[in-house]
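Take the sequence and the 3D structure side by side. The paragraphs below move from single residues to helix pairs and then to the ligands.

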Amino acid sequence: MTCRVVRASDQKSDATETFDERAHELLKKYLHLEQLIEEFFQLVNYCYPKCVKKQRGKTKAGCCARNYYIFHPVYLHSPAVRLFQLMRTAKYGIPTNTEATLSDGYQACNYHEPTGCILNDYKSPLCISFFCDKGIKWLQKKHKITFDAGNIQKLMYDILMDKITDKEYSELELRLQANLTKIKEAQ
Ligand code: SF4
Ligand code: SF4
């Protein structure tokens, strides 16, 4: 995961901005695939028991040790990204959580609480697609699922940046559905 210093003000968007149909369409497409990934990770259930759970009264941040929900400014010229941010803030508010330093010595993301991330949707492409090497190896070994986090992350950004082709979108959707089916069958 790329590290960078972020400020809470980075996520502010202009609430008076109006968005065209395309921005809404891209956001809808993003949220659809995001749900497939979210459901997949909920069923995989790797992070909380293996990484985030409380240890000696303190939570671990896992990989959520920075505000990765904030988009790098290079993405903000996309109307779909600005709409994404507005919708997230409308649904979840500007996060105020400032968990004390965690047992692994990091300050958790503002959306991170003792049970993990509070966002059920509107996770950034970086957040929704990230899975650490240890988790990826475990997934491959236990479920024979190849999770290409870098490629998924790129394509999720591409959706919001209006750079993904219909073919790429369909292929990604099929891949995510196949992963989901496989993990459901393993339950
Ligand atoms: S992806 Fe890896 S480092 Fe991040 S919370 Fe899950 S187990 Fe921990
Ligand atoms: S928004 Fe959620 S997934 Fe992303 S860094 Fe924060 S707690 Fe982690």
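K144 is exposed in this predicted model. The reason is a count: K144 has 9 other C-beta atoms within 10 Å, and a residue with 12 or fewer is called exposed. K144 sits in the loop between α5 and α6 (149-160). Its backbone has a positive phi of about 55 degrees, although K144 is not a glycine.

D162 also has a positive phi without being a glycine; the value is near 60 degrees. Look for D162 in the loop between α6 and α7. Is D162 buried, exposed or partly exposed? It is partly exposed, because 13 other C-beta atoms lie within 10 Å, and the class in between starts above 12 and ends below 20.

Next comes P95. Its place is the loop between α3 and β1 (112-113). P95 has 19 C-beta neighbours inside 10 Å, so it counts as partly exposed. The cut-off for a buried residue is 20 or more. Which residues does P95 touch, leaving out those up to four places away in sequence? They are N110 and Y111. P95 and Y111 are 16 residues apart in sequence. In space, their C-alpha atoms are 5.8 Å apart.

Y122 is buried, because it has 21 other C-beta atoms within 10 Å. This residue belongs to the loop between β2 (116-117) and α4 (125-129). Set aside the neighbours within four places in sequence. Y122 is then in contact with F84, M87, R88, K91 and Y92. Another pairing spans a long stretch of chain: Y122 and L27 are 95 residues apart in sequence. Their C-alpha atoms are 9.5 Å apart in space.

Now step back to the whole chain. It has 7 helices and 2 strands. From the N terminus on, the order is α-α-α-β-β-α-α-α-α. The chain has 187 residues, and 32% of them count as buried. What share of the contacts with a separation of 6 or more joins residues 24 or more positions apart? The share is 78%.

Helix packing comes next. Two packed helices are described by the angle between their axes and the distance between the axes. Start with helix α1 (residues 21-44) and helix α7 (residues 166-185). Their axes come within 9 Å and cross at roughly 20 degrees. α1 and α7 are therefore roughly parallel to each other, since angles under 35 degrees count as such. The crossing of this pair, α1 and α7, is left-handed.

Which residues meet there? On the α1 side they are K29, L33, L36, I37, E39, F40, L43 and V44. On the α7 side they are Y169, L172, E173, L176, Q177, N179, L180, I183 and K184. Sorted by class, this contact of α1 with α7 has 11 nonpolar, 2 polar and 4 charged residues.

α1 also packs with helix α3 (residues 79-92). Here the angle is about 65 degrees, and the axes are 9 Å apart. That makes α1 roughly perpendicular to α3. α1 passes α3 in a right-handed crossing. α1 brings A23, H24, L26 and L27 to this contact. α3 brings P79, A80, L83, F84 and M87. The contact of α1 with α3 has 8 nonpolar residues, 1 polar residue and no charged ones. Two of the α3 residues named here, F84 and M87, are also among the contacts of Y122.

The ligands remain. Ligand 1 is surrounded by Y46, C47, K50, C51, V52, G62, C63, F131, C132, K134 and G135. The elements that give two or more residues to this shell are α2 (47-52) and α5 (133-143). Which element gives the largest share? It is α2, with 4 residues. The shell around ligand 1 divides into 7 nonpolar, 2 polar and 2 charged residues.

Around ligand 2 are C64, Y68, Y69, C109, Y111, H112, C117, L119, K123 and C127. By class, the shell around ligand 2 has 8 nonpolar residues, 1 polar and 1 charged. Y111 links back to the loop described earlier: it belongs to the shell of ligand 2, and it is touched by P95.

Technical notes: Residues are numbered from 1 along each chain as its sequence is written. Chains are lettered from A and ligands numbered from 1 in the order in which they are written. This is a predicted model: local features need pLDDT of at least 70, side-chain atom pairs count only at pLDDT 80 or more; totals for chains, interfaces and linings use all residues. Axes are lines fitted to C-alpha atoms, for helices over the stretch in contact, and angles run from 0 to 180 degrees between N-to-C directions. Angles under 35 degrees count as roughly parallel, over 145 as roughly antiparallel, 65 to 115 as roughly perpendicular and the rest as oblique. A crossing is left-handed if the near helix is turned anticlockwise from the far one by less than a right angle, and right-handed if clockwise. Two residues are in contact if their C-beta atoms, placed from the backbone, lie within 7 Å. Ala, Val, Leu, Ile, Met, Phe, Trp, Tyr, Cys and Pro count as nonpolar, Asp, Glu, Lys and Arg as charged, and the others, Gly among them, as polar. A residue is near a molecule or strand if its C-beta atom, placed from the backbone, lies within 6 Å of it.
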